[in-house]
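Here's a small set of exercises on ligands and pockets, each with a worked solution. Take a look at the structure first, then work through them in order.

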Amino acid sequence: MAYKRVAQLRTADDFREYNAALGIDLPFDEAVDVSALAQPISVYGWEIGNRFCILPMEGWDAAPDGHVTDLVKRRWQHFGQSGAKLIWGGEAVAVRHDGRANPNQLVIREETLDDLRELRALLVSEHAARYTRTDDLLIGLQLTHSGRFSRPNEKKKPEPRIAYHHPILDRRLGIQGDDNLFTDEALYELIQDFIKAAVLAQAAGFDFVDVKHCHGYLGHELLTAVDRPGDFGGSFENRTRFLRLITAGIRQHAPGLHIGVRLSAFDLLPYKPGEDRIGVPEAVNGGYPYAFGGDGSGAGIDLTETKAFLRLLEALDIRLVCLTAGSPYYNPHIQRPALFPPSDGYQPPEDPLVGVARQINAAAQLKRDFPHLVLVGTGYSYLQDWLPNVASYAVRTGMVDSVGLGRMVLSYPELPADVLAGVPLQRKRICRTFSDCTTAPRNGMVSGCYPLDPFYKARDEYHQLSELKHDA
Ligand SMILES: Cc1cc2nc3c(=O)[nH]c(=O)nc-3n(C[C@H](O)[C@H](O)[C@H](O)COP(=O)(O)O)c2cc1C
Ligand code: SF4
């Protein structure tokens with residue numbers, strides 16, 4: 001299936017006509033409204049200085065004992081240099097060892113506290129060196145337990161901890177029996193670990209913590225524990241008990257620390273490579289109740305429960321929400337639209353712009369119903385040369401409050417600063433979604449932008465990666 005490359009869509013008419021041919025609604029400003037993107041956002045008595053947000057991105061490059069390394073520091077320095085005034089989490093940080101998504105994920109505990117404090121300070125000092133203010137820079141830390149996708153000890157050895165038996169994902173991970181299943185008692189213990197982690201994050205100087213509820217990790221999986229018995233399954237109230245108890249604990253033990261939630265606002269069935277490696281959804285008999293924000297079929301979106309969740313966040317006075325979708329493990333094309341899939345993925349079953357529009361429009365629907373929440377949108381990197389134009393329209397017209405940037409910041413950290421300065425984009429640095437930043441870690445290497453960042457090009461892994469792609 002040949003999709004047009006975004007770089008080929010040179011004029012506004014090209015972009016508009018291609019979107020129309022795809023049947024998607026992706027409105028944009030022909031002339032970027034810099035003043036709209038430079039508007040501050042008020043939240044919790046804070047002023048976030050502009051409308052760009054750096055999304056969390058781990059690099060599979062912390063020390064085995066969870067300490068910060070030079071590679072982690074370099075990434076956070078770039079986040080500080082970007083000019084974005086909202087730093088959503090930096091990267092996923094495990095609240096304890098068994099919840100690490102890989103043996104090189106950061107872990108937050110007493111022993112790593114000084115590292116995390118310095119990491120945050122490094123980001124702030126990089127920001128201060130380039131921009132006049134830092135009092136309008138809001139920095140959070142993303143707290144996680146990787147649940148079903150935990151690999152704490154060996155890169156290639158899944159050690160899943162699940163919320164419930166999933167008919168497709170259990171099979172993929174070879175899960176049998178109940179050994180991997182979190183008991184209610186174990187979940188109550190984990191809640192305490194989240195609260196302790198939040199206390200440490202506050203001590204390290206972070207303004208907020210993100211209690212992660214996305215991408216198939218534990219918090220997200222609990223939201224679809226529809227047939228789990230006990231305190232954490234079945235009713236919506238039970239499925240959100242994890243969040244409510246963590247929130248109550250943070251309020252009690254870390255007063256003044258703000259809370260955010262990164263949420264997969266919708267989900268679809270898991271996909272797999274089909275004919276010609278093009279992604280196809282797994283077959284299910286009857287309905288599919290395990291997609292949060294899904295319509296029960298596994299193929300469509302229904303935001304009813306997503307809205308109930310956002311109402312709950314409002315009731316808990318959690319006003320910072322970062323919207324994403326699906327999971328990088330089982331349906332990456334909806335989560336991080338890309339023209340070139342990672343090595344363990346599948347060819348895109350739709351033009352990646354369709355995936356971008358799906359996320360942007362879902363965020364706009366939610367923003368209409370929740371004008372008082374600060375909503376960060378995701379899915380913008382694939383827009384490439386058109387990112388500033390779509391971002392400008394989305395912010396100017398109130399479709400979203402802040403534009404989240406993931407992969408683009410790995411290849412071109414200063415993009416937000418360039419857009420805000422009104423200078424043309426540096427085209428050679430634009431992320432073209434080659435997915436090497438995902439392929440590398442899936443094959444045991446550190447993550448980074450190997451094709452476009454000279455620093456990673458010069459590393460040994462660059463050659464390893466080239467051979468791997470050549471042999472594929
Ligand atoms: C290398 C890499 C690491 C990521 N790590 C995280 C993470 O730690 N936490 C998280 O919530 N999302 C993570 N993501 C997802 C991104 O935050 C973002 O949702 C995704 O890349 C789509 O945004 P984009 O199109 O701007 O790249 C990661 C993405 C990439 C490419
Ligand atoms: S490796 Fe670089 S160009 Fe490829 S998707 Fe990642 S950030 Fe983009």
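Before you start: this is a predicted model, where local features need pLDDT of at least 70, side-chain atom pairs count only at pLDDT 80 or more, and totals for chains, interfaces and linings use all residues. Residues are numbered from 1 along each chain as its sequence is written, chains are lettered from A and ligands numbered from 1 in the order in which they are written, and side-chain values use heavy atoms, with hydrogens and water left out.

**Exercise 1. Describe the shell around ligand 2.**

Step 1: sort the residues by class. The shell divides into seven nonpolar, two polar and three charged residues. Here Ala, Val, Leu, Ile, Met, Phe, Trp, Tyr, Cys and Pro count as nonpolar, Asp, Glu, Lys and Arg as charged, and the others, Gly among them, as polar.

Step 2: name some members. R407, C431, C437 and C449 are among the residues around ligand 2, where being around it takes a heavy atom within 4 Å.

Step 3: look for elements. α14 (407-411) and α16 each supply at least two residues of this shell; helices are DSSP runs (H or I, at least four residues), numbered from the N terminus.

**Exercise 2. Work out what holds ligand 1 on its polar side.**

Step 1: find the neighbours. Ligand 1 has 21 residues around it, and Q142, R262, S381, G406 and R407 are the closest.

Step 2: class them. That shell has eight nonpolar, eight polar and five charged residues.

Step 3: list polar contacts (pairs of N or O atoms within 3.5 Å).
- R407 puts a polar side-chain atom 2.7 Å from a ligand oxygen.
- G406 has a polar backbone atom 2.8 Å from an oxygen of ligand 1.
- E58 has a polar backbone atom 3.1 Å from a nitrogen of ligand 1.

Step 4: check the cover. Taken alone, ligand 1 exposes 610 Å², and the protein buries 99% of that (Shrake-Rupley method, 1.4 Å probe).

**Exercise 3. Describe the second largest pocket.**

Step 1: get its volume, about 180 Å³. A pocket is an open set of points on a 1 Å grid over the protein atoms alone, with protein on both sides within 12 Å along at least five of seven lines, and lining residues have an atom within 4 Å of a point. The volume is the space filled by probe spheres set on the points.

Step 2: read the lining, which includes V6, E30, W386 and R427.

Step 3: class it: six nonpolar, one polar and four charged residues.

Technical notes:
A polar contact is a pair of N or O atoms within 3.5 Å; within protein, one must be able to donate a hydrogen and the other to accept it, and residues adjacent in sequence count only if both atoms are side-chain atoms. On a 1 Å grid over the protein atoms alone, a cavity is a set of points where a 1.4 Å probe fits but cannot get out, and a pocket is an open set with protein on both sides within 12 Å along at least five of seven lines; lining residues have an atom within 4 Å of a point.
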